[in-house]
Amino acid sequence: MIVTRTWLEEWVDLKGISTEEICRKLNSIGLEVDSLKEYRVPEKIVVGYVESCEKHPDADKLSVCQINLGTAVRQIVCGAKNIAAGQYVPVATVGAVMPNGMKIKHAKLRGVESDGMVCSSTELGLPELGDGILVLDETIGGLEIGKPLKEYPPFNDDVIEIELTANRGDCLSIYGVARELSVGFDRPMKTLEYREKESKSLGIGRILQFAHQGNPPVDLLYRAVDLKSIDVPLFIRLRLALVDIDITERAIDAYIDYAVHASGVILREYGFSKLSNGSEKAKITLKQLDNGLGAVETDGKTASIVGIYQNEELKADENEKTLILEASYIRPELIAPVVKKENLKTDALYYRTSRGSEPDLDFGCRVLLHLLCTYAEVEVYAGCSEYMTQKEPLTLDISMDEIEALVGQAVEISTVVNILSKLGFYIHRTEDGKIIFDVPAFRHDIVNKQDVIEEVVRIVGIDNIASRPMRFQEANRVTYDLHRYRFIRDIRLKAVANGFFETIHYVFCDNRRVEALGFEPLKKEKALLNPITNEMDGLRPSLMVTMLDSLQRNVAMSKKRIPLFEVGRVFDAERNEMFHLLFAYAGEKEMETVTNAGKPEPIDFPTFVDKLAAVVGSFELQACEADNALMHPYQSARIVMDGETVGIVSKLHPDIAAQFDLPDTYFAELEVPKLQQKHINARPISAFTPVQRDLSIVVPQSTTYTAIREALEGKLPETVQKFFPIDRYTDEKLGDEMSLTLRFIISSMEKTLEESEINAIMDKALKLLTEACEARLR
């Protein structure tokens, strides 16, 4: 993007600010300055008036001119073809040093005296503005004969080239860059002083009929003018040349290029006769294409695809007197993918639309009409024809704490509000340290809070933010799923370490087996619509439903010891999903070794429970009733951890074992979410040596350990760390009673207990058992 200082000053007050300061400010607010070029007309070059121009008597290509320099009329020999009497021209007087180093001297050309040189634009150090000498006009300022040319601002300008990133389409205009400087320097923006004359009797509706089909996501605005006379003045040609825009032979192109570069609005023109085809009205229709874009059509021909290209054949020719002016807008994220996918033809303005053009179409039209009314002779048709897509603004809110966290220091809320307001954000309100605002439509690059904070930072200035040590603070991204993954991973490793083998089964199963095993199958409205096979028409309610097949296959393969486990999903009748862990053990409880003479014992309940505890940790068992056909009616228990039931352990029912030809089999199925601890429960360890005491009692054989635990738990002093049974004995002498030995681990956190204190604890335990379980000391 190329801008000039004088052009910027038309939109923002830069008085008292040097061009170097402007460049530094642009760099500090994120608009990187690529180059700066100064144009200065040398001393002793003045405005001259050609009073007469005659052919050189001895050279066909030279002219002898009498030029009024204000202080005197000088004779100057000129070789330019376009010089003529009545012109105002730049004249380098004797003694002037040109930008290329050439010094102007009195000379004699083919015998004719010459006191100076009539200059072209390139001889003045300016961009090329055509062949021959530079003809001056009033658009550069009031022409005064003899006035030094360096006093005319258009000839003494600074050109700044800015390297914009692709997302800053809002700065692809003089107005856009001026808006940024307005915020950076805290200077006010200037408004466009343009009011349409009310002399035109006809409205645009008299010559233009505009309709639309569908709802294409575009904005269009049409104006119309009658051209009486139009030329491109020096002021416009010089401005366009300074910003590296080529000037075509069509005068209207120069005006449109100027207005587009100034406003950022996409502007095009059509010849009225090309659209009307001899009718009184030009008829155009906006249609929505299959790819989502909008196309302007007239008489069966495509006039343009909005934002992408225009049909060159429909532009006005040199004899056209009535022009239809079009301003358009489409969001950049809509057109770029389509153009790339469909390889659409584009024109020069696509560069702007694909990066984000100015959506204020009326502003662009007023800039163009102001130029035409100022420098050409035109009449403007009243009113406009338009199609506007309803767009909801992006509303965001941001707190001062969020700004401080990312910026690294506190910023006053009034400062933030002022910055955002000047950048075009609409502030709804501020409350509780929070700002609620709408993002302006021309800021296509702002989509979240971080983008807004970046705006604040670049305007405040990186150099104005105090340096602090870098602090890395990563957000906690540890989720429940990660905890569960780690837990299951550890369970798998422990299970394998304790001799179990992992199996994997489908979640699908046979509904007939589900019912036969005493489970409720899926409800009819929840049933699978397209099962893989008839034998897989249900979802397993227990991992053991499918584990039976693996146990059976291993037995069929003559495996004598079958310890298996599985982690997987199960489903209830409502298809609610649960995550379970299953252990199953069939056959011999250990490998054949010398110690067992090659005849290991079959797995039993206590051995299986010990193996289970080695994997999942300590737990308690509580008697329970079998609630399905898999569980043994007399060898089943609930698994309790920290007072919560996490699963069941049971011997496989003999009928089911016989059905699948299985030896004695035990299984435990646990709910993973309940089994998984949220945190580690640490227990204090006493620095004093613990004491063991055994208590042998006689109780009825019907007494369960649960009853004994309930009699003691929570009623003994805190010094009793734990207690557990170590021996059970029955014989004929005891009859219906049994002998039970309990071991107590006693330890104080504060001291070594005395014997009397230990005896008192044991006496209390015996008393509690006597009262609750009819116990007596053996």
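## Aromatic pairs and charges over rings

At 1% relative accessibility, F437 counts as buried. Its partner F425 is also buried, with a relative accessible area of 4%. In this predicted model, a search of the whole structure finds 15 aromatic pairs. In the pair formed by F425 and F437, the ring centres lie 5.7 Å apart and the planes stand at 80°, so the arrangement is edge-to-face; the cut-off for that class is an angle over 60 degrees. F425 belongs to the loop between helix 11 (413-422) and strand 22 (426-431), and F437 to strand 23 (residues 434-438), so the pair ties together parts that are 12 residues apart in sequence.

One aromatic cluster is made up of W7, F235, Y258 and Y375. Charged side chains are also placed over aromatic rings. The charged end of R179 sits over the ring of F442, at 3.7 Å from the ring centre. For K25, the ring concerned is that of F185, and the charged end sits over it at 5.5 Å from the centre.

## Helix 4 and its surroundings

Helix 4 (residues 234-242) is mostly covered, with nine of its nine residues buried. These buried residues are L234, F235, I236, R237, L238, R239, L240, A241 and L242. The list thus includes the arginines R237 and R239, as well as F235, which is a member of the aromatic cluster with W7, Y258 and Y375.

The packing partners of the buried residues of helix 4 come from several elements: strand 1 (2-4), helix 1 (5-8), strand 10 (158-163), helix 5 (251-263) and helix 9 (361-375). After helix 4 comes D244, whose phi is positive, near 65°.

## The second largest pocket

Two of the elements that pack against helix 4, strand 10 and helix 5, also take part in the lining of the second largest pocket. This pocket holds about 860 Å³ of space. Its lining comprises 30 residues, and those closest to the pocket centre are I245, D257, A348, L349 and R352.

At least two lining residues are supplied by each of strand 10, helix 5, strand 13 (266-271) and helix 8 (350-355). Helix 5 gives the most, with five residues. By class, the lining of this pocket is divided into 14 nonpolar, three polar and 13 charged residues.

## Enclosed cavities

The structure holds four cavities of 30 Å³ or more. The largest cavity contains about 80 Å³ of space. Of the 13 residues that line it, G169, G264, G356, S357 and E358 are the closest to its centre. The lining of the largest cavity has three nonpolar, six polar and four charged residues.

The second largest cavity contains about 40 Å³ of space. Its lining is formed by P217, V218, D219, Y329, I330, R331, T389 and K391. Strand 12 (218-229) and strand 18 (322-330) are the elements that give two or more residues to this lining. By class, the lining of the second largest cavity has four nonpolar, one polar and three charged residues.

## Loop residues

Positive phi values also occur in loops between strands. R575 has a phi near 65°, a positive value in a residue other than glycine. R575 is placed in the loop between strand 27 (561-571) and strand 28 (577-587). With a relative accessible area of 39%, R575 is partly exposed. D642, likewise not a glycine, has a positive phi of about 50°. The loop that holds D642 runs between strand 30 (631-641) and strand 31 (644-652). D642 is exposed, with a relative accessible area of 65%.

M557 lies in the loop between helix 15 (543-556) and strand 27. At 59% relative accessibility, M557 counts as exposed. M557 and F667 are 110 residues apart along the chain, and their C-alpha atoms are separated by 20 Å.

Key:
Residues numbered from 1 in each chain as written. Predicted model: local features only at pLDDT ≥ 70, side-chain atom pairs only at ≥ 80, totals over all residues. Heavy atoms only, no water. Phe/Tyr/Trp six-rings, centres within 6.5 Å; stacked < 30°, edge-to-face > 60°. Helix = DSSP H or I, 4+ residues; strand = E, 2+ residues; numbered from the N terminus. Buried < 20%, exposed > 50% of the residue type's maximum accessible area, 1.4 Å probe, protein only. Lys NZ or Arg CZ within 6 Å of the ring centre and 35° of its normal. 1 Å grid on protein atoms, 1.4 Å probe; cavity = no way out; pocket = protein on both sides within 12 Å on 5 of 7 lines; lining within 4 Å. Points joined across faces, edges and corners; volume = space filled by probe spheres on them. Nonpolar A, V, L, I, M, F, W, Y, C, P; charged D, E, K, R; others polar. Contact = heavy atoms within 4.5 Å.
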